[in-house]
Amino acid sequence: RRTPVLSGLMNQPVPDFGILYPGKNYWRARLSSLGVPAPRGFYLPNGWIAVTSCCKPKKLEGGRPQDFYVGRDNQRFCRVAVVKGIPWAILSDFYGICFHDEHQSYYDTPPSGLTDEDFLRLGKMVREKCAARGVKGIMLVLSAPSRARPYLRLLWASGIPFAYCTSFTCY
């Protein structure tokens, strides 16, 4: 399986990934053509973690990811990960990645406002934090392919092997 690598990334723009339309697996074929694995079911290899995107609704006082990100999908993701004992984190438009035990302060950075330089900076933050924890790869779990684009770009910029899956409960 081919996985994205960082070599030469600083000299080229982060891939756009296009618009990933749900249905008929168009998005799966598009990602596969870019070398990004998109398995039909959730599978987490040893040393990998499951991640999902951040969300707009957040607690103003900050906190750990399961308390800070109060969106319905984020709460469900955290609940399933904890119950199933799956290592997890949340991708952030400000912090890069927030592991389950990290306390974060409030921020309001929409993914639509990120530039290529921002993706490279955030990708470096993800790479460094994952290396410090021994993370070998990332499985992005996001039910809506149409919302995955900025997070795929962030993961691409990190240089860490990653895959994308729309379903988490089939674990």
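The paragraphs below go from the overall layout of this predicted model to one strand, the nonpolar core and a loop residue.

The chain contains 5 helices and 5 strands. Along the sequence these elements follow the pattern α-β-α-α-β-β-α-β-α-β. Of the 171 residues in the chain, 49% are buried. The exposed surface of the chain comes to about 8500 Å², and 54% of it is supplied by carbon and sulfur atoms. Taking contacts between residues at least 6 apart in sequence, 70% join residues at least 24 apart.

Strand 2 (residues 88-92) is a convenient place to start. On one side of the pairing, strand 2 runs parallel to strand 1 (residues 48-52), with 3 bridges between them. Within this pairing, Val-51 stands opposite Ala-89 of strand 2. Strand 2 also pairs with strand 3 (residues 96-99), in this case antiparallel and over 4 bridges. Here Ile-90 is placed opposite Cys-98 of strand 3. The connection from strand 2 to strand 3 is a hairpin through 3 residues.

How are the side chains of strand 2 arranged, and are they buried or exposed? In a regular strand, side chains alternate between the two faces of the sheet. Trp-88, Ile-90 and Ser-92 point one way from strand 2, while Ala-89 and Leu-91 point the other way, and all are buried. Because 5 of the 5 residues of strand 2 are buried, that is, under 20% relative accessible area, the strand is largely enclosed by the rest of the structure.

The largest nonpolar core has 50 residues, and the members that touch the most others are Ile-97, Ile-138 and Leu-140. Helix 5 (residues 149-158) gives the most to this core, contributing 6 residues. Which residues does Ile-97 contact, leaving aside its neighbours within four places in sequence? They are Ile-49, Val-51, Ala-89, Ile-90, Leu-91, Ser-92, Glu-102, Val-126, Lys-129 and Cys-130. Val-51 and Ala-89, both in that list, are the residues that stand opposite each other in the pairing of strand 2.

Ser-105 gives a view of a loop. This residue lies between strand 3 and helix 4 (116-133). With a relative accessible area of 44%, Ser-105 is partly exposed, because that value falls between the 20% limit for buried and the 50% limit for exposed. Not counting residues up to four places away in sequence, Ser-105 touches Gly-62, Phe-68 and Tyr-95. Tyr-95 is 10 residues from Ser-105 along the chain, and the C-alpha atoms of the two are separated by 9.7 Å.

Conventions
Residues are numbered from 1 along each chain as its sequence is written. This is a predicted model: local features need pLDDT of at least 70, side-chain atom pairs count only at pLDDT 80 or more; totals for chains, interfaces and linings use all residues. Side-chain values use heavy atoms; hydrogens and water are left out. A nonpolar core is a set of buried Ala, Val, Leu, Ile, Met, Phe, Trp, Tyr and Cys residues joined through side-chain atoms within 4.5 Å. Buried means under 20% relative accessible area, exposed over 50%, partly exposed in between (1.4 Å probe, protein chains only). Helices (H or I, at least four residues) and strands (E, at least two) are DSSP runs, numbered from the N terminus. Contact means heavy atoms within 4.5 Å. Accessible areas come from the Shrake-Rupley method with a 1.4 Å probe; for residues, only the protein chains shown count as cover. Two strands pair if DSSP finds at least two bridges between them.
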